[in-house]
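Hi everyone, thanks for coming. Please take a look at the sequence and the structure on the screen, and then I'll walk you through a few parts of it.

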Amino acid sequence: MATPELTGSSKGSDAATGPAEQVSAGPPREPESPVQTPELYARFDRFSAVLIFLMVVFGPWAFGTTQPWAVWTMNCAGYALGLLLVAKRCLRWRTGYRPPRWGEPVPRPGTPAIFRPHARAARWLTRSLGLLNLLILAYTLASALNYRSQITGGIQEFNERFVRWLPFSYDAASTWSAFWMYLGLTGCFWATRDWLLGKAPTESGEEDQSYTRFMVAQRAGLPERLSNLLWVLCLNGTLLGVVSILQRLDGTDKLLWLILPRYGEASFHFGPFTYRGNGAQYFNLLWPVTLAFWWTLFRAAQGLERVPARIGDNPHWVLLPCLLIQIACPIISSSHGGGVIALGLVTGALA
């Protein structure tokens, strides 16, 4: 009687401890790693960033993008950005990859996209904007194809075969030029928007990085890509302003000391801009952005635990001299309207 009892107890103990030992002996679960970006997609994304930065820097320096060669350079860059955007969309569709984007949760393989309540309104607004963009392109293209007249050698030639109920143009060449320019701007806008919405590798968790105090002050809660774009825009505009002021003080009638414009004297020019009013408009658009960027970085620096121990820990102070130079440019350009607008904007900003 004792042996069966002992045998039964041993079997029972084996039965009781067996599953527990099997569970504990299993391999521990590792946390799911973030989705890795396909190499080809990452290359397209890097090419897009390079083109965006080149367009930001090239535009104002190329004499305000008023010459035909400068306009077509910017147009081709816009076409390239549009093609890169289409290629990235095709890769997402073929591979099922969903890049980490701001405003959306971190995606996991095989899970549908989850949008926040306000994202539905944002989607409809974005689609409406895209539809309006397509309507403008279609209207301009129809006007170019259905031209009423064209100017050849200074002589206006009329076309009697145009359709009256469709949009038409009295200058086919100028309308075609406007269409190609709008097409380039379309590619630039939507590609830049898509690139800015994406998270950088350091933000999506694909790369390990310890965020230092410098990085906190540099980004101030802004996306890394937006922060980098603003730095390039502000610093490039400051360098452009310094060169423009030096050119005005020098009194030369050549743009950037290189090209003599066909019209106007030295007082009509400002930096690379043939007309001083265009330069004043550019800087009046730029310096409020620099002011807002500086204010954002300044507020972030105030939230740090302790005061930086050395100069350079908080790079937002670099933006203050940049801001002063950019505000001075519309006034030094001698543009009456630009100077009045600059003073009005400064008064509003101080208020």
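Let me start with a question: what covers the buried residues of α2? Before I answer, please keep in mind that this is a predicted model.

The cover includes α3 (68-95), α5 (172-197), α8 (224-250) and α9 (276-302). Helix α2 itself runs over residues 39-61, which makes 23 residues. From its first C-alpha to its last it reaches 34 Å, close to the 33 Å expected at 1.5 Å a residue. The buried residues in α2 are Tyr41, Ala42, Phe44, Asp45, Ser48, Ala49, Ile52, Met55, Gly59 and Pro60. If you are new to helices, here is something handy: an α-helix has 3.6 residues a turn, so residues three or four places apart point the same way. Please look also at what follows α2: there you find Phe63, with a positive phi near 55°.

Now let's move to a pocket. The second largest pocket has a volume of about 580 Å³. It is lined by 22 residues, and the closest to its centre are Met55, Val56, Met74, Leu185 and Cys188. You have already met Met55, as one of the buried residues of α2. Which helices each supply at least two residues of this lining? They are α2, α3, α5 and α8. Helix α5 gives the most, with eight residues. As for the chemistry of the lining, 16 of the residues are nonpolar, five are polar and one is charged.

Next come the salt bridges. The count for the model comes to nine. Let's take Asp194 as our guide. Asp194 forms a salt bridge with Arg92, and the closest N and O atoms are 2.9 Å apart. This pair links distant parts of the chain, with Asp194 in helix α5, Arg92 in helix α3, and their positions 102 residues apart in the sequence. Are these two buried or exposed? Both Asp194 and Arg92 are buried.

Asp194 also meets Arg101 in a salt bridge, at 3.1 Å from N to O. Asp194 lies in helix α5 and Arg101 in the loop between α3 and α4 (117-145), so this pair ties together parts that are 93 residues apart in sequence. Here, too, both partners, Asp194 and Arg101, are buried. Now zoom out a little: Asp45, Lys88, Arg89, Arg92, Arg101, Asp194 and Arg225 are linked in a network of salt bridges. Asp45 brings us back to α2, where Asp45 is among the buried residues.

Here is another pair to find on the screen. The side chains of Arg148 and Glu160 meet in a salt bridge, at 3.8 Å from N to O. Arg148 sits in the loop between α4 and β1 (149-152), while Glu160 sits in the loop between β2 (155-158) and α5, and the two are 12 residues apart. Why does Arg148 count as buried? Because its relative accessibility is 14%, and buried means under 20%. Glu160, with a relative accessible area of 58%, is exposed.

Let me finish with Arg276, which lies in helix α9. Arg276 has a relative accessible area of 16% and is buried. What does Arg276 touch, not counting residues up to four places away in sequence? Its contacts are Ser267, Phe268, His269, Phe270, Ser333, Ser334 and Ser335. Thanks for listening, everyone!

Terms used:
Residues are numbered from 1 along each chain as its sequence is written. This is a predicted model: local features need pLDDT of at least 70, side-chain atom pairs count only at pLDDT 80 or more; totals for chains, interfaces and linings use all residues. Side-chain values use heavy atoms; hydrogens and water are left out. Helices (H or I, at least four residues) and strands (E, at least two) are DSSP runs, numbered from the N terminus. The expected span of a helix is 1.5 Å times one less than its number of residues. Buried means under 20% relative accessible area, exposed over 50%, partly exposed in between (1.4 Å probe, protein chains only). Contact means heavy atoms within 4.5 Å. On a 1 Å grid over the protein atoms alone, a cavity is a set of points where a 1.4 Å probe fits but cannot get out, and a pocket is an open set with protein on both sides within 12 Å along at least five of seven lines; lining residues have an atom within 4 Å of a point. Grid points are joined across faces, edges and corners, and a volume is the space filled by probe spheres set on the points. Ala, Val, Leu, Ile, Met, Phe, Trp, Tyr, Cys and Pro count as nonpolar, Asp, Glu, Lys and Arg as charged, and the others, Gly among them, as polar. A salt bridge is a side-chain nitrogen of Lys or Arg within 4 Å of a carboxyl oxygen of Asp or Glu.
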